[in-house]
Amino acid sequence: MAGTPEQTTVNQVAKLARIHLNEQQIESSAEKLAQILGYIGQLDEVELPEDVTPFFGAIESVNAIRDDQLQASVPRKEILDNAPDSDGEFYLVPPVF
Amino acid sequence: MEDSDLTSSSNPPSNDRLAVQFNDAEIIIGLEVHVQLDTISKLFCGCSTQFGEAANSQTCVVCTGMPGALPVINQRALELSIRTGIALNCSIARSTKWDRKNYFYPDLPKGYQISQFDQPICGPGHLDIEVPETPGKLRQIRIERAHLEEDAGKSIHDESSLGQDSKIDLNRTGTPLLEIVTQPDIRTAAEAKAFLSELKLILNYIDVSDCNMQQGNLRCDANVNLHIPLGDHQIATPIVEIKNLNSFRSVERSITYEAQRQFEAWQEHGLTITDAPKQTRGWNDHAQATTLQREKEDSADYRYFPDPDLIAVTIKESQIKQIQKQLVQLPTELRKTLVEQYKLNPEDAAAIVSQGRGVVDYFSEVADGCQDSRIANNWIGQEVLRQLKESNQTIQQYPLSPKQFTELLNLVIDGTLDQTRGKEVLNEMVEHSISAQQAIEQLGIKPVDKNELVSLCEKLIDENQEVVEQIRAGNGKAIGMLIGKARKINPNANPGAIKALLSKMISQ
Amino acid sequence: MTLSALNADVIVDQLNAGELKATDCVQYFLDRIQTHDAEINAFVSISQTALEQAEAIDQRRKAGQTVGCLAGLPIAIKDGICVSGQPTTAGSKMLEKFTPPYDATIVERLKSADAIIIGKTNMDEFAMGSSTENSFFGPTHNPWATDRVPGGSSGGSAACVASRLAPVAIGSDTGGSIRQPASFCGITGLKPTYGSVSRYGLIAFASSLDQIGPMTRTAKESALLMSVIAGFDPRDSTSSKAQITDCLSGLETPLNGIRIGVCRNQFNDGLDQEVETKINDATSVFKLLGAEIKEIELPHSQYAVAAYYVIAPCEASSNLARYDGVRYTFRAPGNDLEEMYRNTRGQGFGNEVKQRIMLGTYALSSGYYEAYYLKASKVRRMIKQDYDDAFQKVDLILGPTTPTPAFKLGEHAEDPLAMYLADVYTVSANLAGIPAISVPVGQSKNGLPIGLQLQGRAFEENTLLRAAHQFQNVTLWHDTSPSQPWRTQT
């Protein structure tokens with residue numbers, strides 16, 4: 001794989017994310033990634049207390065739970081209508097290998 | 001060829017390796033068991049978990065990962081997980097959270113599986129097992145953890161190799177699974193099987209799962225490698241994860257196969273755990289062999305992170321206590337009870353317990369009713385189980401109540417019915433769902449008068465002189481033939497009484 | 001006065017009084033869209049059933065049946081929110097033909113209040129952007145100056161309210177996507193407390209930051225919409241069970257004695273001089289209204305953008321994994337599954353979306369979780385802690401919504417970082433989960449609106465709306481409309 005270390009990384013990440021990028025996109029992506037990672041690097045400056053717990057967003061920690069009860073499923077046709085390819089019963093996808 | 005480039009301290013010359021016997025190697029096995037929890041709705045939505053319905057007929061916006069849809073956890077799935085944890089002596093998390101396991105596959109609608117990474121609902125525990133080949137010897141298998149996760153859907157691939165499309169059915173997507181992971185404490189294929197049998201039994205007893213393996217409600221992966229003594233140290237072969245194990249037999253056979261294969265591979269190449277990464281192999285039931293599974297290079301990079309759509313679940317001590325209190329007696333305790341209280345031998349106790357809680361309850365009620373647990377065991381262990389098997393019924397569907405069955409056994413115990421007639425009565429009771437008394441009447445069974453018995457024996461001796469001679473000549477067994485004939489003439493004749501009478505008359 | 005000059009609460013009053021028919025009202029706004037939207041491009045799709053619904057409401061009113069509290073009021077919905085049976089694209093080619101079979105909870109609530117959804121508004125693809133330029137359906141233009149961006153990602157909603165193509169709209173805000181376009185377009189926009197409005201049916205960008213909220217001309221209209229859309233939803237696990245304080249009834253309570261904090265270290269180099277002046281002017285107005293202005297510190301706010309650009313892309317990379325060409329509309333062909341995946345995602349996503357998925361995938365990949373997501377989430381805790389401390393001393397925090405007024409289309413096209421810094425004052429509220437509102441407080445010399453942001457304690461939207469309403473009682477900026485063909489006052 002030719003290119004800068006950043007481009008190699010971008011190639012690997014694009015693979016992991018299942019995104020096809022052409023060479024020009026890889027180049028520009030590598031540049032932007034380096035720029036933003038550089039900016040994000042300032043997080044290293046933050047002096048974090050040792051016991052600090054991460055905050056993942058939800059303000060309340062009350063259990064959100066539902067009873068084990070049935071609810072009507074969505075009719076198959078409505079669900080499959082949005083699929084790019086189906087035979088009316090199954091979603092169809094190209095062969096795995 | 002000497003594999004010189006591979007040779008290191010762990011790869012001595014192959015002559016040394018060839019000198020090692022397979023039997024010297026120790027097999028190290030850890031299991032990952034996926035159990036489908038017995039909920040009526042899915043883990044994060046209200047769709048049914050019913051097996052075998054029309055493809056894609058049991059999905060909704062949540063379990064198909066429709067843009068905008070959000071998951072909400074099923075209370076019963078939590079409860080069943082806690083119940084399992086308690087039964088497996090696990091510590092139960094006070095706070096448990098949800099993580100996303102990210103990977104691409106067409107039967108994984110969201111592109112990630114909601115699972116639990118670092119705060120599983122059940123922490124370390126253990127399960128004691130007994131291998132049938134070594135009765136009385138308990139082995140403790142440590143449980144590492146058990147976590148809740150959602151199942152994926154089903155992919156049906158084209159087998160014709162014509163490159164046809166794969167079909168995706170998402171009915172199973174989102175079904176609650178508990179993944180139980182053991183420590184690598186298992187040492188033989190038989191132990192692995194015993195562990196799974198005991199686990200399945202427990203899960204049945206506590207109503208967590210029906211463990212129907214045909215329907216995929218209990219699935220197992222096995223991590224296997226060998227520890228091989230070599231000179232003054234010991235080497236380990238590369239770990240292999242065997243997938244697609246959907247019967248106890250395939251677990252047993254695949255481990256046996258894999259151990260042998262690893263040993264031979266090691267003898268040939270000398271590769272150890274430090275030389276090769278963990279490998280995934282699939283069990284091919286048809287070929288009775290494990291085969292290397294093709295894997296994507298990035299398949300292990302699951303990019304776990306906490307699912308921001310869900311919040312952590314707090315489990316209160318009181319909730320755990322409550323579930324603990326409701327927990328029924330587990331198989332181990334029941335076996336003990338049957339041995340100590342009902343005086344069964346351990347094998348019989350195990351056989352009864354292995355049939356499930358219903359049979360144990362049935363047995364206890366009958367044994368209590370007839371005050372003879374040995375006879376109760378004989379009759380239930382043989383007759384009842386045979387009938388259930390033949391009619392493909394569960395004990396709950398058995399036509400005779402424990403009380404009716406007790407009535408019958410009491411007639412056998414007090415000698416009113418001999419074993420053979422007793423069984424006839426039983427069959428009649430089952431066939432027509434009637435009481436023992438009614439069956440006796442229908443079969444025309446009545447006690448036989450002593451004089452009647454004497455004349456019957458006289459008649460037999462008269463008509464079967466040859467047999468009588470044989471008996472006199474010392475062939476004791478020949479008397480059976482006469483008893484048989486007697487019962488043909490009068491089915492109510494008690495074989496014990498006939499035998500006694502005949503012996504007495506012939507020897508005179 | 002023409003309908004376009006009326007506030008939503010007045011329109012509803014007129015509808016209820018029988019002075020205005022819902023059909024006429026809906027027709028009026030549909031006509032305005034027809035006339036002006038070609039130039040603004042605020043809408044991605046227009047409802048084909050709006051008039052029918054209006055007709056039904058008129059019938060019900062005529063028959064004396066009870067109707068909902070917004071009966072007949074036209075409303076525009078950001079196209080990242082699912083409306084059953086109507087195309088919902090999230091501004092992406094990936095969902096160009098996606099028609100959800102279900103309503104988002106807020107849509108359900110608006111429908112049961114008998115509001116009429118007249119159309120779906122343009123947005124940055126999957127809400128990623130601050131200019132609405134990243135839309136598959138072309139950029140939206142700022143009604144105040146069509147060569148400028150309306151802000152984003154809810155640029156379509158902001159632009160349609162500013163040009164009165166709809167009286168009110170709904171947007172969503174992940175890092176400023178309601179407040180920044182509200183500021184750029186001279187309207188009022190509220191990002192509620194995380195958990196106070198259900199996210200069910202909102203196409204996720206970054207789940208722990210996303211919140212749906214109202215975009216209106218006045219704070220009073222926002223309060224009216226909040227009274228309908230806010231509240232617990234059992235289908236959203238992160239939805240709060242706490243009773244949302246009534247936003248409408250306290251609006252007229254004076255601000256005497258309210259303590260408003262100002263964080264001076266946010267008034268730094270990046271802040272446009274004109275914006276700073278207008279914020280200072282507005283601060284004086286709040287003083288006159290009886291507020292006590294206090295200096296406060298938010299020591300970690302300078303790291304907010306960095307933390308945000310870790311957390312949001314990480315969550316997005318996972319949230320957008322479902323667009324794989326199997327279940328929702330767009331698929332690019334491939335010889336095998338992997339090729340289909342890569343082609344679909346390569347062609348279906350725009351550049352900015354791909355870039356953020358790449359960043360998030362990288363930051364979550366093996367060995368980087370601690371250094372990025374976990375660390376950013378710890379910084380996030382510090383940012384939240386700063387707010388908790390500040391709100392011990394003050395009731396509200398005041399500052400600019402954006403560092404500059406609306407920039408030109410294409411101005412930041414090649415400089416993502418400059419674009420990201422447009423969110424510098426808004427992302428903190430998303431990270432901390434607290435509510436924040438942007439209100440218009442003036443114009444730049446070249447006639448571009450300038451917005452002020454108020455941030456409040458969690459679940460105290462009522463205080464925010466009250467302060468904004470009191471401010472609007474004594475100022476006219478919210479009533480000022482662009483001097484363009486779509487100007488409202490005649």
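**Rings and a shared contact**

Q: What does B:Tyr302 count as at 25% relative accessibility?
A: First, this is a predicted model: local features need pLDDT of at least 70, side-chain atom pairs count only at pLDDT 80 or more, and totals for chains, interfaces and linings use all residues. Residues are numbered from 1 along each chain as its sequence is written, chains are lettered from A and ligands numbered from 1 in the order in which they are written, and side-chain values use heavy atoms, leaving out hydrogens and water. With a 1.4 Å probe and protein chains only, buried is under 20% relative accessible area, exposed is over 50%, and partly exposed is in between. At 25%, B:Tyr302 is therefore partly exposed.

Q: What kind of ring pair do B:Phe263 and B:Trp266 make?
A: Rings of Phe, Tyr and Trp (its six-membered ring) pair if their centres lie within 6.5 Å; planes under 30 degrees apart are stacked, over 60 edge-to-face, and the rest tilted. Here the centres are 6.0 Å apart and the planes sit at 45°, so the pair is tilted.

Q: How many salt bridges join chain C and chain B?
A: A salt bridge puts a side-chain nitrogen of Lys or Arg within 4 Å of a carboxyl oxygen of Asp or Glu. C:Arg199 and B:Asp309 fit that at 3.2 Å, N to O. The count between these chains is one.

Q: How many residues does chain B give to its contact with chain C?
A: Contact here means heavy atoms within 4.5 Å. Chain C brings 38 residues, and chain B brings 31.
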